[in-house]
Amino acid sequence: MAPYSEEYEILKENTKPVSPQAAPREYTVVYSVVLIFVYWHIGALYGLYLGFTSAKWATIIFNYLIYVSGGFAITAGSHRLWSHRAFKAKLPLQILLMLLQTMSCQKSVLNWVRDHRLHHMYCDTDADPYNSTRGIFYSHIGWLMVKKHPEVIRKGRTIDMSDLENNPVLKFQKKFYPILVTLMAFILPALIPVIFWQESLNIAHHVSLVHLVVGSHMTFAINSIAHAFGSKPCDKTISPTQSISLSLVTFGEGYHNYHHVFPFDYRVAELGNNYLNLTTNFIDFFAWIGWAYDLKYASPDMVAKRAKRTGDGTDLWGRAIEHADIQAKRVHPS
Ligand SMILES: [Zn+2]
Ligand SMILES: [Zn+2]
């Protein structure tokens, strides 16, 4: 029996699931995560109240800066740099992104990347960690509150992570993640306001939960809202969508239809370096000072051809267009 079951296992592992797929399943709730989320959300609401009533301005500005820098670390670091290799980063930028990413408390980069590569490879199937076929709540936050689907675990083992496994910055983060995340996401954001401008510990801690919760929902929204509402200028046959308003609050990550079609593009958008795509500006800035290099992007011709072939006939703004006129006229410095 052994050889047969081995072959069967190999066959199962090599079979690519077809989307949309959401086989009936029993959910095993992870109560510890549910409790943490409940505490975070109630604490963040209290933090918001304190922010409006008694927090010092320095505390609010400090947390806003953490929110913005943690957001960029997710969008530019975990996503565009490490998940998609859309550009390369020198060591100082990698260390900076890793530390800021730790502040956002969204898993270690290696875990984040494995989930995200699964999402792209097996989008909207049982092997997709945030399978949007299971509904908006599941793809937004529900997937974190239940045990992973067996297919996610099975296919997760086959995801190629060889480019990152020996990355010393990411290995360091993964090895010391529990300590690092406690320090960077909770202890320092609570203590710095207390030490440097005499904020109360209660206010400092609860206001810091606001940026943690808002930042998490910013990432979650890409997996849920950007797979549910919006236009599909590049490929109307897939669930990811394009949304300017979502791009505004996610530092340029709302061009999700384009992104699923051209995941290697560091701009994650047709127009790239436009004022709505803050992460692209962030990467461009680091390219300008020499810390980011080898920026990859799809040629306007490639985008136009693909949009003409499979797009829904809308442009970046969701307006109907003539396909021949589509997309970027931008020429970006390599
Ligand atoms: Zn992606
Ligand atoms: Zn997606």
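**Warm-up.** Is the crossing of α3 and α5 left-handed or right-handed?

Keep in mind throughout that this is a predicted model. The crossing of α3 and α5 comes out right-handed.

**Exercise 1. Describe how α3 and α5 pack, from geometry down to residues.**

Step 1: start with the axes. They lie 10 Å apart, and the two helices pack at an angle of about 65 degrees.

Step 2: list who meets whom. On the α3 side we have Gly 77, Ser 78, His 79, Trp 82 and Ser 83, and they meet Val 109, Trp 112, Val 113, His 116 and Arg 117 of α5.

Step 3: sort the contact by class. The tally for α3 with α5 is 4 nonpolar, 5 polar and 1 charged residues.

**Exercise 2. Do the same for α3 and α10.**

Step 1: take the geometry. Helix α3 (residues 57-83) and helix α10 (residues 177-197) have axes that come within 11 Å and cross at roughly 145 degrees. The handedness of this crossing is right-handed.

Step 2: pick out the residues. Ala 58, Thr 59, Phe 62 and Ile 66 are the α3 contribution, and in α10 they meet Pro 189, Ile 192, Pro 193 and Trp 197.

Step 3: classify them. This contact of α3 with α10 has 7 nonpolar residues, 1 polar one and no charged ones.

A general point helps when you read such lists: an α-helix has 3.6 residues a turn, so residues three or four places apart point the same way.

**Exercise 3. Check the length of α5, then work out what its buried residues pack against.**

Step 1: get the expected span. At 1.5 Å a residue, the 13 residues of α5 should cover 18 Å.

Step 2: compare with the model. The end C-alpha atoms of α5 are 18 Å apart, so the two values agree.

Step 3: collect the buried residues. In α5 they are Val 109, Trp 112, Val 113, Arg 114, Asp 115, His 116, Arg 117, Leu 118 and His 119.

Step 4: find their partners. The buried residues of α5 pack against α3, α4, α7 (150-156), α8 (162-165) and α9 (168-175).

**Exercise 4. Repeat the check for α2.**

Step 1: helix α2 (residues 31-53) has 23 residues, and from first C-alpha to last it reaches 33 Å, close to the 33 Å expected at 1.5 Å a residue.

Step 2: its buried residues are Ala 44, Gly 47 and Leu 50. These pack against α11 (201-224).

**Exercise 5. Find non-glycine residues with a positive phi and say how exposed they are.**

Step 1: recall the background. Most residues other than glycine have a negative phi.

Step 2: look at Lys 107. Its phi is positive, about 75 degrees, although Lys 107 is not a glycine. Lys 107 sits in the loop between α4 (91-103) and α5 (109-121). It has 18 other C-beta atoms within 10 Å, so Lys 107 is partly exposed.

Step 3: look at Asp 294. Here phi is near 55 degrees, again positive in a residue other than glycine. Asp 294 belongs to the loop between β2 (292-293) and α15 (300-310). Asp 294 counts as exposed because it has 12 C-beta neighbours inside 10 Å, and the cut-off for exposed is 12 or fewer.

**Exercise 6. Trace two arginines to residues far along the chain.**

Step 1: Arg 157 is in the loop between α7 and α8. With 8 C-beta neighbours inside 10 Å, Arg 157 counts as exposed. The C-alpha atoms of Arg 157 and Arg 114 are separated by 9.1 Å, with the two residues 43 apart along the chain.

Step 2: Arg 306 is in helix α15 and is partly exposed, with 19 C-beta neighbours inside 10 Å. C-alpha to C-alpha, Arg 306 is 9.2 Å from Pro 233, although they are 73 residues apart in sequence. Leaving out residues up to four places away in sequence, Arg 306 touches Cys 234 and Val 261.

**Exercise 7. Sum up the chain and say where the prediction is less confident.**

Step 1: count elements. The protein chain has 15 helices and 2 strands, and buried residues make up 45% of its 334 residues.

Step 2: consider contact range. Of contacts between residues at least 6 apart in sequence, 70% join residues at least 24 apart.

Step 3: read the confidence. The chain averages a pLDDT of 89, and 89% of the residues score at least 70. Among its elements, helix α1 (residues 2-14) has the lowest mean pLDDT (51), while strand β1 (residues 88-89) has the highest (98). Over residues 323-334 the pLDDT is below 50, and this stretch has 26 contacts in the model beyond near neighbours in sequence.

Notes:
Residues numbered from 1 in each chain as written. Chains lettered and ligands numbered in written order. Predicted model: local features only at pLDDT ≥ 70, side-chain atom pairs only at ≥ 80, totals over all residues. Helix = DSSP H or I, 4+ residues; strand = E, 2+ residues; numbered from the N terminus. Buried ≥ 20, exposed ≤ 12 C-beta atoms within 10 Å, placed from the backbone. Axes fitted to C-alpha atoms, helices over the stretch in contact; angles between N-to-C directions. Left-handed = near helix turned anticlockwise from the far one by under 90°. Contact = placed C-beta atoms within 7 Å. Nonpolar A, V, L, I, M, F, W, Y, C, P; charged D, E, K, R; others polar. Expected span 1.5 Å × (residues − 1). pLDDT = per-residue confidence, 0-100.
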